[in-house]
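Visitor: I would like a close look at a single part of this chain, and at how that part fits into the whole. Could you walk me through it?

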Amino acid sequence: MASLLTDPLFETYGRGPPPIKDYYHFFVTKSEIIWRWWKISPRMVYRHTKPGEVKESLSDFLEDTDLQREVRVVFGDHVLEFTMALCEGRYNYLDRLSDSLLLRIINFLELEDVDQLGQTSRKFQQLCGSEEFWEQAMRRHCCSISDEVASLAKEIGWRTVFFTNKLHLQKLLSRRRKMSKEQHEGPG
């Protein structure tokens, strides 16, 4: 299954935390770690410093505590832990799937399971609470959705419409029709 993964497995870049102004690029492939840095300083001493690069095999990175410390300082514990997992061959395949594909998969779950999935990570919390998911759920669970209901859902949210009982929904639609009619007729 690891053969399905494409390079790079992971890539991130950015400036170091204050007061560091240096720029870093961290790249993880299937076979190596690439750590690049560019010294950014107004000091004359560093004016002609060339960018640096370290390339190591995944197994060497697991033993290189100095480089691990640098990664932690610049990008944080989360990035270091994720990189260590990649070096040990522990891949999170769900992270590599597109949001649209994950939404299609999530739509096969029961709503109770969707709620549980939404509690597992920030990404799944976002997906399980997204308007796109609730629109798909509404269309899957309802025989037909009128244009009027779809318009209301865009206004108040698909999730709200999904959990609104039919009587209350009819009341909301009636109010909406009345307001629309009053606006068209104008002051009178």
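Guide: Here is a tour that starts with the whole chain, settles on helix α3, and ends with a loop residue. Please keep in mind that this is a predicted model.

Let us begin with the setting. The chain has 4 strands and 10 helices, and along the sequence the four strands come before the ten helices, in the pattern β-β-β-β-α-α-α-α-α-α-α-α-α-α. The domain assignment divides the chain into domain 1, residues 2-88, and domain 2, residues 95-185. Between the C-alpha centres of domain 1 and domain 2 there is a separation of 41 Å.

The overall dimensions are worth having in mind too. The C-alpha trace spans about 80 × 45 × 25 Å along its principal axes. The radius of gyration is 26 Å, whereas a compact globule of 188 residues would have one near 16 Å. Of those 188 residues, 32% count as buried. Among contacts between residues at least 6 apart in sequence, 42% join residues at least 24 apart. The accessible surface comes to about 13,200 Å², and carbon and sulfur atoms account for 52% of that. As for charge, the chain carries 27 positive and 28 negative side chains, with the centres of the two sets 7 Å apart.

Now for the close look. Helix α3 covers residues 77-87, and domain 1 runs from 2 to 88. Which residues of α3 are buried? They are V79, L80, T83, M84, A85, L86 and C87. An α-helix has 3.6 residues a turn, so residues three or four places apart point the same way. In α3, V79 and T83 are both on the buried list, as are L80 and M84.

What covers these buried residues of α3? The cover includes three strands, β1 (10-15), β2 (23-28) and β3 (32-38), together with two helices, α1 (58-63) and α2 (65-75). Just after α3 comes G89, which takes a positive phi of about 85 degrees.

One of the strands covering α3, β3, also leads us to a loop. T49 sits in the loop between β3 and β4, the latter being residues 52-57. Is T49 buried or exposed? T49 counts as partly exposed because its relative accessibility is 37%, which falls between the 20% limit for buried and the 50% limit for exposed. T49 and K39 are 10 residues apart along the chain, and their C-alpha atoms are separated by 6.8 Å.

Methods
Residues are numbered from 1 along each chain as its sequence is written. This is a predicted model: local features need pLDDT of at least 70, side-chain atom pairs count only at pLDDT 80 or more; totals for chains, interfaces and linings use all residues. Side-chain values use heavy atoms; hydrogens and water are left out. The radius of gyration is taken over C-alpha atoms; the globule rule is 2.2 Å times the number of residues to the power 0.38. Buried means under 20% relative accessible area, exposed over 50%, partly exposed in between (1.4 Å probe, protein chains only). Contact means heavy atoms within 4.5 Å. Accessible areas come from the Shrake-Rupley method with a 1.4 Å probe; for residues, only the protein chains shown count as cover. Lys and Arg count as positive and Asp and Glu as negative; His and the chain ends are not counted. The place of a charge is taken as NZ of Lys, CZ of Arg, CG of Asp or CD of Glu. Domain bounds come from an automatic or database domain assignment.
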